[in-house]
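Thanks, everyone, for making the time this morning. I would like to walk through one model with you, so please have a look at it on the screen before I go into the details.

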Amino acid sequence: MFHSPSLPSPQTPVKTTCPYCGVGCGVIASGDGSVRGDESHPANEGRLCSKGSALGETLGFRGRILYPEIEGKRATWDQALDHIAAKFSAAIRDHGPESVAIYASGQFLTEDYYVANKLMKGFLGTANIDTNSRLCMASSVAGHIRAFGEDIVPGCYEDIEQADLVILAGSNAAWCHPILFRRLEAAQKARGTKFIVIDPRVTASCDGAELHLPLRAGSDVALFNGLLTYLADTGNFDKEFVEKHCAGAESAIATAREMTINDIAAPTGLDQHDILKFYSLFASTPRVVTAYSQGINQSSAGTDKVNAIINCHLATGRIGKPGMGPFSLTGQPNAMGGREVGGLANQLAAHMSFSSPQHIERVARFWKADNMAQRPGLKAVELFEAVHAGKIKALWIAGTNPAVSLPRADRIREALHSCDFVVNADCHHGDTSGFAHVRLPARGWSEKDGTVTNSERRISRQRAFRPAPGEAMPDWWMFAQLGRRMGWKDAFAYEKPVQIFREHAALSSFENEGERLFDIGALATLDDGEYESMAPCQWPAPKEGRQGGRLFGGGSFATPDGRARFIATRFGSVTETPNEEKPLILNTARIRDQWHTMTRTGDVARLSAHTPEPYLDIHPEDALRAGLQDRGFTRVESAHASAIMRVRLSSEQRPGEVHAAMHWSFTNASTGPADRLVGASVDPISGQPELKASAVSISPQTMAWHGLLLHGERLLKIDSTYWCRIAVEGGYAYPLAGANPLARPGETPGDDWVLGMLGAEPAADLTVYADPMRGVFRYALFREGRLIACLFVARDSAAVPDRETMAKIFAAPLPVENRARILAGLSLDGVANTGPTICACFAIGQTTISETIERSGLKTAAEIGAALKAGTNCGSCLPEIEKLLRAGNPAAALIQAA
Amino acid sequence: MSMHKKERLVLVGNGMAGMRTIDEILARDPDRYEIEVIGAEPHPNYNRIMLSSVLAGEKALEDIVLHPHEFYARNNIGLTTGDAVASIDSASRTVTTVSGRSLAFDKLILATGSRPVVPPLPGLELPGNCAFRDRADLRRMQDASCNGTHAIVIGGGLLGLEAAFGLMRLGMKVTVLHLMQTLMERQLDEAAGYLLQRDLMARGINVITRAETEAILGDKCATAVRLSDGRELPADLIVFAIGVRPNIDLARKSGLEVNRGVKVDDTMQSTHPDIYAVGECVEHRGMTFGLVAPLWQQAKICAAALCGETNAAFTPPANYTSLKITGIDVFSAGALGARDDGDEEITLRDAGTHQYKKLVIRDGKLAGAILYGEISDGPWFVELMESGRDISYIRDRLLFGRALAQAA
Ligand SMILES: Cc1cc2nc3c(=O)[nH]c(=O)nc-3n(C[C@H](O)[C@H](O)[C@H](O)COP(=O)(O)OP(=O)(O)OC[C@H]3O[C@@H](n4cnc5c(N)ncnc54)[C@H](O)[C@@H]3O)c2cc1C
Ligand code: SF4
């Protein structure tokens, strides 16, 4: 049934692939937690970024789902799967195939994706399978298909090294694709490659940039339309390429010309001089790569933005050649793999499309499927609207956290709450798993086998190198089990990933004849051993002909007539424009050291230090106007939700735009997900939501008290207006703030509240510090002598220790003499302990006396008295002091005496 | 050797303050005086404080001798032991002892210490009770522990508790009877008093608070005490430790101005220009003394005055206390609690290690400290109190002691 992968010994290094961003770096890891970059992997050649190099620290099993559960009760796999099969069957029987859906993830391995897609589209008869890649890549997919006829990334990573100019559009590659950015920096050093950053914010990627264009959110189409006009007007079109290999140039230019170059400054908010500098650099540099990411994709005009960029590359014939081309940087490790199998609702499979009845028929034949879906299914946002409307009766969510990451997250939660039947397969308990009727333990990175494809079409193996916790199983196995239990034993007879991969590869070349560039037929005949040892390889990989490399360089595209399409793109503003009531635009993005909703990276202390809290970044001018102060609090309100966030002043912010990171959720911060604030307007073609431009208002939020809770446990909820969870060594830190006073001046907070915050029983072993007039209260909870938690609260935020100081308190056992001192809220490093008291009058300890004797070479009690006062009052301790003096080894003497 | 005939200095009271004054004089001007010391106790000067430790068996009597006979001999000091001064004739400048000896003086130091307060209880005349003041008391207690099993200590202050601890170490079943609700209420607040009571009980010392002793019972000797609530407790030994009163009989008889104690000015001079007084017998600006720290100060000042220095003046140092019971660390200084709304208290309680600390803040300054269980910062708090420094800027760390408050 399930062919368990044979695991190497914990010390054996295993080659695998980083599970985070779309760079897809090769990693050499072993079960003992050691991790390093794989020198032989073409994506990274041995380098790893901060997230990648901390992979070894994410291998703990904290917060993992360990067993199948039905309605919160542990169940066997058989019970859980039978139950799911019955529910899905009943939904289909009673409400039709459109009443079931899968919402999957770019974290899936290609094999997981393949089986899920096959099950839904071939056997359940619906294309209601979408993935979180919708939030990430859908606009690129749509833009590629419009321009090239197929979802193809033409270039490869070397292009960044061979370019003379790299445009980073809507991409903070320095944080989101760090190793690629390292390669760009290396190119800058080696051959003077210039780069230009187009981003409303000043980001880490701006370091070393030739030019930063802080354009207004959502105005990219205007900027690139202007570039197209400029290229046309300045004779920079590659006429021959356009005439021979493209179509639609005239109408694209005509549409672009609706705005003159002088008109571009207004909507983009850019300096005219900067705009022209960008245009002329682009025009004069043949080797130019435009790398783009979520700033382009996550937009109500995402597909148009993609095409506006591609238009400029088509116009100059700069595509598919060394150092040239538009380059979509995928956000997730396997967004590309998901697209290959057709994991999005509007794709069929293996780059085939629902728009072609022939394709549908062909896939059906290949799968021996008798119940093919005939049309595209619901895209993520629509899908959850359908859930909300009660149309989806059975929903399987796997490897993603829509209760956090989808726009209008509050509405998503309502939807999940009201849904008849929700299955959640995940590694971790999170916001979404709370809504599930059935929870399934999924294997994660390091525990499962399969393949992923990175941004440059390179397929790499992920390999298992350590046992999974509890009863966790891979996602493909779960879907295959569902298929079998619903009656398709043969179609889902897989026992190991290689069988799935071979089938996937075979489908890609099935009746292909060069029609689809995605052809990995050469891999369809890999035997088990070859799959096991498969080295990273780039597609296309047809049985015969050219393998890998750049595409479209020769000017032949995947459209029926072989010509690339210019697309006329018209600038339109973002859906939610700022207005009097909501004068600011909220942008959301990633931070350097966290991944997605922090289920993995959130528990690693050194990844939490970079951006520990969910800040609202705001330009000082906007803050001044709104009466906000740095590190103070603000209530942020959009049309969809409101949240109280900590303010961080940043002159890197564009005035008029604020920013919040997308990683936090209700299980690790009171703010909840930033995407709650975000509207659900989507790109009309790709269905990708506009996650980076929501109108908001801000107002100061005063807090009656501030605090810091340090707890060994991973708390999912805290009774405090503001809180968030930050991993520290051996535990967590929770900054707190409360809008309502904890106690009147001179009084102390209620015991119930304190015990509740600490998670302590009434007779707990507590240390309590209280300065009621000043409103400063501190508590430490111990169990069997071990520090469990520390709570600091104060009216005055200055009386709350900072997290960095306290970050190490769980790192080592607390010596008993520091039990109370811990509440000083200061670092205890280097603070001497004086030892047992010798001179009671002056409270001089044995350690102090012995050290003074040794250091100053003292010979008599009188000398000690002169130096330390010890023994000069009542004199009772003089005999002990004499003893310390006599002893060659003072400490030993005291032990003897005792 | 000076050519003149030396002035004669007589010290009345061979105790801690008096002999410290002699030490200070010798350190300043060893040849200035011809010194005579007269002491009622039949021993050379010893460390009275350490009677507790001797009782507890932690030290031997010979360990606590401060000035052995050789000391007096070596410094040409005439010593009379076991004979008290009965009168002082300030006009003729002579003292006369109980045994009838007379001695002339040019300058005189009164250092007669204090006397234990003994309440007027029925049965007081029965043998089997004592105070805790001198070696004779110590001896009584040691003897009692050989012959009897039950000891009652009346008074749960510093002295009573040290006596109780010592007697317990000597194998007696000890009960402390304390009138007030909590122990050491003059030095500790209720919280610390309770902790102390708990820790003492844990060591096997029975403590009864709000215990009013009504009578000592017994035929030939004391066998029990009765409390006002009727309870009777067996007692083979009863130790009074309810306080001391300055020993001023001699001074009063001699015509010196006395109140609670012998009145002295800032140079420790009594109302007679040639008579000085130091120690527990004095009253300075309305204040009397029961601990040695201020006495050391007095000794210095008095010696300076007697050696002709004119600028020395006594200012009592901040009063602080610690308890000498092995394993129980208690420290107290200054105010015990908030006096009014303007006062503020900062507390720290650690149930697990029986630690308790309280600071009293008044006008942004430290006004009091009670430390229980961990007392190492006591002296620093005293320093802060004496300096009158504004502590607002370190307030949030203050209670955690010097090392942390002064950490970067
Ligand atoms: C058991 C015990 C424990 C203590 N523990 C502490 C402690 O931990 N810390 C602290 O600071 N203090 C402590 N004290 C208090 C401290 O011992 C006294 O404050 C100090 O001894 C007072 O010194 P003094 O010289 O004034 O009196 P004393 O030391 O009492 O000396 C007075 C002497 O004068 C003699 N005398 C009285 N009248 C005459 C007379 N007419 N003629 C001749 N001689 C006379 C007395 O017999 C006595 O020997 C303790 C006291 C006791 C009893
Ligand atoms: S750059 Fe991306 S793939 Fe490479 S190590 Fe970092 S997160 Fe992983």
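Arg397(B) is partly exposed, because its relative accessible area is 22% and a residue counts as buried only when that value is under 20%. Before I go further, please keep in mind that this is a predicted model, so everything I quote is computed from predicted coordinates. Arg397(B) belongs to helix H10 of chain B, which covers residues 395–398, and a polar atom of its side chain lies 3.4 Å from the backbone oxygen of Leu404(B). If you look for Glu345(B), which is 52 residues away from Arg397(B) along the chain, you will find the two C-alpha atoms separated by 14 Å.

Staying with chain B, let me turn to ligand 1. Which residues are closest to ligand 1? Among the 30 residues that surround it, the closest are Glu41(B), Arg133(B), Glu280(B), Val292(B) and Lys324(B). By class, that shell is made up of 15 nonpolar, nine polar and six charged residues. As for individual polar pairs, a nitrogen atom of the ligand sits 3.1 Å from a polar backbone atom of Ala40(B), and a nitrogen atom of ligand 1 is likewise found 3.1 Å from a polar backbone atom of Val85(B). On the oxygen side, an oxygen atom of ligand 1 is 2.4 Å from a polar side-chain atom of Glu280(B). Ligand 1 taken alone exposes 980 Å², and the protein buries 92% of that area.

Where does ligand 1 lie with respect to the domains of chain B? Domain 1, which runs over 7–115 and 244–306, and domain 2, which runs over 129–240, both contribute residues to the shell, and therefore ligand 1 lies between them. In terms of helices, H1 (16–28), H5 (158–169) and H8 (292–306) of chain B each supply at least two residues of that shell.

Let me take H5(B) from that list. Its 12 residues reach 17 Å from the first C-alpha to the last, close to the 16 Å expected at 1.5 Å a residue. Because 10 of those 12 residues are buried, H5(B) is largely enclosed by the rest of the structure; the buried residues include Leu158(B), Glu162(B), Phe165(B) and Met168(B). Just after this helix, Gly171(B) takes a positive phi of about 100°.

Chain A offers a parallel exercise in helix H21, residues 497–509. Its 13 residues should span 18 Å at 1.5 Å a residue, and the end C-alpha atoms are 19 Å apart, which agrees. H21(A) is mostly covered, with 10 of its 13 residues buried, and Phe501(A), Glu503(A) and His504(A) are among them. Just after H21(A), Glu511(A) has a positive phi of about 45°.

Finally, ligand 2. The residues around it include Cys18(A), Cys21(A), Cys25(A) and Cys49(A), as well as Lys51(A) and Pro178(A). Its shell has nine nonpolar, two polar and one charged residues, and helices H1 (50–53) and H7 (178–191) of chain A each supply at least two of the shell residues. On the scale of the whole chain, the assignment for chain A lists domains including domain 1 (14–58) and domain 5 (705–824), and the centres of these two, taken over C-alpha atoms, are separated by 37 Å.

Note on methods. Residues are numbered from 1 along each chain as its sequence is written. Chains are lettered from A and ligands numbered from 1 in the order in which they are written. This is a predicted model: local features need pLDDT of at least 70, side-chain atom pairs count only at pLDDT 80 or more; totals for chains, interfaces and linings use all residues. Side-chain values use heavy atoms; hydrogens and water are left out. A residue is near a molecule or strand if one of its heavy atoms lies within 4 Å of it. A polar contact is a pair of N or O atoms within 3.5 Å; within protein, one must be able to donate a hydrogen and the other to accept it, and residues adjacent in sequence count only if both atoms are side-chain atoms. Accessible areas come from the Shrake-Rupley method with a 1.4 Å probe; for residues, only the protein chains shown count as cover. Helices (H or I, at least four residues) and strands (E, at least two) are DSSP runs, numbered from the N terminus. Ala, Val, Leu, Ile, Met, Phe, Trp, Tyr, Cys and Pro count as nonpolar, Asp, Glu, Lys and Arg as charged, and the others, Gly among them, as polar. Domain bounds come from an automatic or database domain assignment. The expected span of a helix is 1.5 Å times one less than its number of residues. Buried means under 20% relative accessible area, exposed over 50%, partly exposed in between (1.4 Å probe, protein chains only).
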